[in-house]
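The exercises below are meant to be worked through with the sequence and the three-dimensional structure side by side. Please attempt each task before reading its solution.

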Amino acid sequence: MPQFLRLGVLTGGGDCPGLNALIRGLVKRGVHEFGHEFVGIENGYMGLVEPELTRPLTEEDTRGILPKGGTILGTSNKANPFQYPVQENGAWVDRDLSDLVLRRAAELKLDGIIAIGGDGTLTIGHQLSQKGLHVVGCPKTIDNDLSGTDQTFGFDTARAICTEAIDRLHSTAESHDRVMVVEIMGRHAGFLTLDSGIAGGADVILIPEIPYSVESIVEKIRRRGRRKRSFSIIAIAEGAYPAGGTLAVLDKAGDIRGRGVVRLGGAGKVCADLLAGHVAAEIRVTVLGHLQRGGSPTASDRLLATMYGCKVLDLVRDGQWDSMVALRDGRIVTAPLSESRKERRVDPDGEPVRFAKSMGISFGD
Ligand code: F6P
């Protein structure tokens with residue numbers, strides 16, 4: 001393997017703060033230390049299927065992007081080459097275009113691909129590795145739900161935004177004696193809601209890992225009332241649901257290519273509707289939505305992302321394809337890309353939940 005390589009870089013899945021910091025660290029170290037050449041692949045794996053979605057990625061392109069949210073390469077969470085939507089006879093059908101991806105990578109003369117993404121993007125990277133493509137990965141997601149790593153970048157920033165939102169909601173809750181329900185992202189994992197709920201001083205924290213009972217929440221709000229606390233803050237994860245109930249799905253929207261996409265959303269409203277009539281206070285719902293993953297990354301996320309970007313080049317240098325960088329016990333280490341398939345969940349019996357309960361925070365159980 002020559003020392004100077006030509007490497008493709010792509011970002012897949014939902015955008016998150018820190019992606020640009022990673023790209024910058026990667027390109028800077030790659031150019032300065034190894035003399036690598038980088039090719040930017042736009043819109044995730046779509047850039048390896050559709051024509052004209054690749055471009056040179058130089059150090060000049062990374063100037064000034066460290067504090068910027070989003071990704072300069074664009075992203076897509078609907079471009080799985082193994083199930084790629086194509087139009088045939090006027091209808092959209094899924095086709096396996098993974099061989100085309102391999103051919104395109106060869107045409108582009110790529111020695112390897114650096115895939116930055118969550119479970120979907122990294123799992124596809126692993127599947128492509130199995131077919132012989134040289135892929136290494138960097139885990140990202142605000143949900144922090146990847147089992148191969150202790151923390152993903154993007155999470156710290158989203159957690160700070162959610163915490164600030166809960167802080168701000170206290171003003172209206174206290175002034176108007178209201179129950180404020182705040183709905184927080186995270187898909188099927190409650191990490192973001194748990195951490196920001198504790199950090200923001202929520203009275204009730206509802207997470208997917210602990211189905212909630214309305215009676216238990218009502219009892220908590222009444223207990224607060226007896227202690228002359230006339231307002232309450234409920235932090236609820238978008239994936240939380242009442243015991244015996246189901247996930248709140250915002251819509252089953254067909255995207256432009258006709259693929260059905262299930263979007264979580266509405267858990268806050270479901271909870272508010274269930275509480276209505278059982279508590280005297282007015283109940284209002286705030287959905288934080290994409291505010292949670294926008295804007296500038298925190299110092300901690302910039303640092304983690306930059307370290308990932310630099311470290312992944314060690315994996316490339318050592319030919320450790322089909323691997324990803326990961327954070328374990330404060331150190332950046334290497335893990336198999338296949339680890340990204342395993343999802344992580346909040347441990348309902350773990351210390352954060354136990355300590356929160358010991359302080360009187362209700363989890364609705
Ligand atoms: O995985 C990150 C995430 O923000 C989830 O928390 C959320 O459920 C999902 O992406 C929303 O995705 P989209 O922006 O595609 O609707």
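**Exercise 1. Surface and burial**

Task: For the protein chain, state how much accessible surface there is and what percentage of it belongs to carbon and sulfur atoms, and then state what percentage of the residues is buried.

Solution: The model is predicted, and its accessible surface comes to about 15600 Å², with 50% of that area belonging to carbon and sulfur atoms. Turning from area to residues, 55% of the 365 residues of the protein chain are buried.

**Exercise 2. Overall dimensions and charge**

Task: Decide whether the radius of gyration of the protein chain agrees or disagrees with that of a compact globule, and describe the extent of the C-alpha trace and the placement of the charges.

Solution: Begin with the expectation, which for a compact globule of 365 residues is a radius of gyration near 21 Å; the protein chain has 22 Å, and the two therefore agree. Next, the C-alpha trace spans about 70 × 50 × 35 Å along its principal axes. Finally, there are 44 positive and 46 negative charges, and their mean positions lie 2 Å apart.

**Exercise 3. Elements and domains**

Task: Count the helices and strands, give the bounds of the domains, and say how many residues of each domain are in contact with the other.

Solution: The secondary structure consists of nine helices and 15 strands. The domain assignment gives domain 1 as 6-153 + 297-339 and domain 2 as 158-294. The C-alpha centres of these two domains are 32 Å apart, while 18 residues of domain 1 are in contact with 17 residues of domain 2. As for the contacts in the protein chain between residues at least 6 apart in sequence, 71% of them join residues at least 24 apart.

**Exercise 4. Around strand β4**

Task: Determine whether Y84 is buried or exposed, do likewise for N89, and find what sets the phi of N89 apart from the general rule.

Solution: Y84 is found in strand β4, which covers residues 84-88. Since its relative accessible area is 1%, under the 20% cut-off, Y84 is buried. Its C-alpha atom is 5.0 Å from that of D94, a residue 10 positions away in sequence. N89 sits in the loop between β4 and β5 (91-95), and because its relative accessible area is 83%, over the 50% cut-off, N89 is exposed. N89 has a positive phi of about 50 degrees, although it is not a glycine. Most residues other than glycine have a negative phi. A further case is D322, with a positive phi near 65 degrees, located in the loop between α8 (299-317) and β14 (323-328).

**Exercise 5. Two buried residues and their contacts**

Task: Place L57 and F191 in the secondary structure, and identify which residues each one contacts beyond four places in sequence.

Solution: L57 lies in the loop between β3 (54-56) and β4, and its relative accessible area of 3% means that it is buried. Beyond its neighbours within four places in sequence, L57 is in contact with V9, I23, V27, F38, V39, G40, I72 and L73. The C-alpha atoms of L57 and L7 are 9.7 Å apart, with their positions 50 residues apart along the chain.

F191 belongs to helix α5, residues 191-200, and counts as buried because its relative accessibility is 11%. Its contacts, when residues up to four places away are left out, are D143, N144, D145, F155, R344, R345 and V346. V218, by contrast, is 27 residues from F191 in sequence and 24 Å away, C-alpha to C-alpha.

How values were computed:
Residues numbered from 1 in each chain as written. Predicted model: local features only at pLDDT ≥ 70, side-chain atom pairs only at ≥ 80, totals over all residues. Heavy atoms only, no water. Helix = DSSP H or I, 4+ residues; strand = E, 2+ residues; numbered from the N terminus. Rg over C-alpha atoms; globule rule 2.2 N^0.38 Å. Buried < 20%, exposed > 50% of the residue type's maximum accessible area, 1.4 Å probe, protein only. Contact = heavy atoms within 4.5 Å. Areas by Shrake-Rupley, 256 points an atom, 1.4 Å probe, with all protein chains shown as cover. Lys, Arg positive; Asp, Glu negative; His and termini not counted. Charge placed at Lys NZ, Arg CZ, Asp CG, Glu CD. Domains from an automatic or database assignment.
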